[in-house]
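Look at how aromatic rings meet in this structure. Follow the side chains and the strands that carry them.

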Amino acid sequence: MKLILLGPPGAGKGTQAKRLTDNHGLVQLSTGDMLRAEVASGSALGQQAKKVMEAGQLMPDDIIVGMIESRMAQPDCKGGFVLDGFPRTEGQAAALDAMLRRHGAAIDAVIELAVDEAALVERISGRYACAKCGAGYHDTFQKPKVPGVCDSCGGTEFTRRKDDNAETVKARLVAYREQTAPILPFYRGKGLLHQVDGMADLDEVTTAIEQVLRVVKAKALT
C-alpha cells in the first residue's frame, strides 16, 4: 500500500507514520532523510542535490521525485510506503503521480490530519522536554507529576525547541495553508482524499486511519 499523510506542522504526521510502519510493514519515506542519504552516498542524484544545497537554492521537484523513485526501488519498499511531508505543492503531486505511472503504480490513499489551528498553536507552543532523557511534556496537557522533575529519569533540566513558539507556529500554518493545502482538491478529485480529526487523542487518530485503510482495501478487492 502506498500512502500519503498530509497536515500542517504539529498535526502528528510523524507519529502516525511510525505507527503505520509498525502495524503494516510500510516504509516511512522522509524526503529530508533521503536527501541526506543521497548526498552521503555520492550518487549522481546526490551530487546534483549537493550543488543545489550549496547554492542555497530550493530543491527542484525532479530531484526530490528522483530520490523517491530511487528509494522505492529498494527491497524494503516492496510492501509499500508512507510519504510524510511530501508532496507539498500541486506540481510535486503531479510529478509524483507521473513517476509512479511509469512504474505501473499509484497512490492508494491520501490521509489528511485536519486540525483546529488555534488549538494546534496552543498544543505546539506549550511543548517542552527533559534535557536528560528527552521525555516530552506540555505546559497545559502533560505536566510532570512533581513540578520541575522528570517522571522518567528524575532530571530537573528541561528544554524547548526555538521554533515551538506561537509566532513561529502561526507562520508555519500560514505557509501550509498557502502552499500545501491547495493540493487537497487535486487528490479529492481523484477520489483518494480521506480526512481524519488530527486533534483527537493519538490512539483515536490511529483508529480512524485504520478504518480508512480497511475501506481502501475493500474497494481494491471489488
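In this predicted model, ring pairs join Tyr128, Tyr137 and Phe158 into a cluster. The search behind this covered the whole structure and found four aromatic pairs.

Start with Tyr128 and Phe158. Their ring centres are 5.5 Å apart, and the planes meet at 80°. That pair is edge-to-face, because planes over 60 degrees apart count as such. Tyr128 sits in strand E5 (residues 127–130), and Phe158 sits in strand E7 (residues 158–159). The two residues are 30 residues apart, so this pair links distant parts of the chain.

How exposed are the partners? Tyr128 has a relative accessible area of 16%. Buried means under 20%, so Tyr128 is buried. Phe158 has a relative accessible area of 25%, so Phe158 is partly exposed.

Now move to Tyr137 and Phe158. Here the centres lie 5.9 Å apart and the planes stand at 80°, so this pair is edge-to-face. Tyr137 belongs to strand E6 (residues 136–138), while Phe158 belongs to strand E7. The pair therefore ties together parts that are 21 residues apart in sequence. Tyr137 has a relative accessible area of 5%, so Tyr137 is buried.

Put the pieces together. Phe158 pairs with Tyr128, and Phe158 also pairs with Tyr137. These ring pairs link Tyr128, Tyr137 and Phe158 into the cluster.

Methods:
Residues numbered from 1 in each chain as written. Predicted model: local features only at pLDDT ≥ 70, side-chain atom pairs only at ≥ 80, totals over all residues. Heavy atoms only, no water. Phe/Tyr/Trp six-rings, centres within 6.5 Å; stacked < 30°, edge-to-face > 60°. Helix = DSSP H or I, 4+ residues; strand = E, 2+ residues; numbered from the N terminus. Buried < 20%, exposed > 50% of the residue type's maximum accessible area, 1.4 Å probe, protein only.
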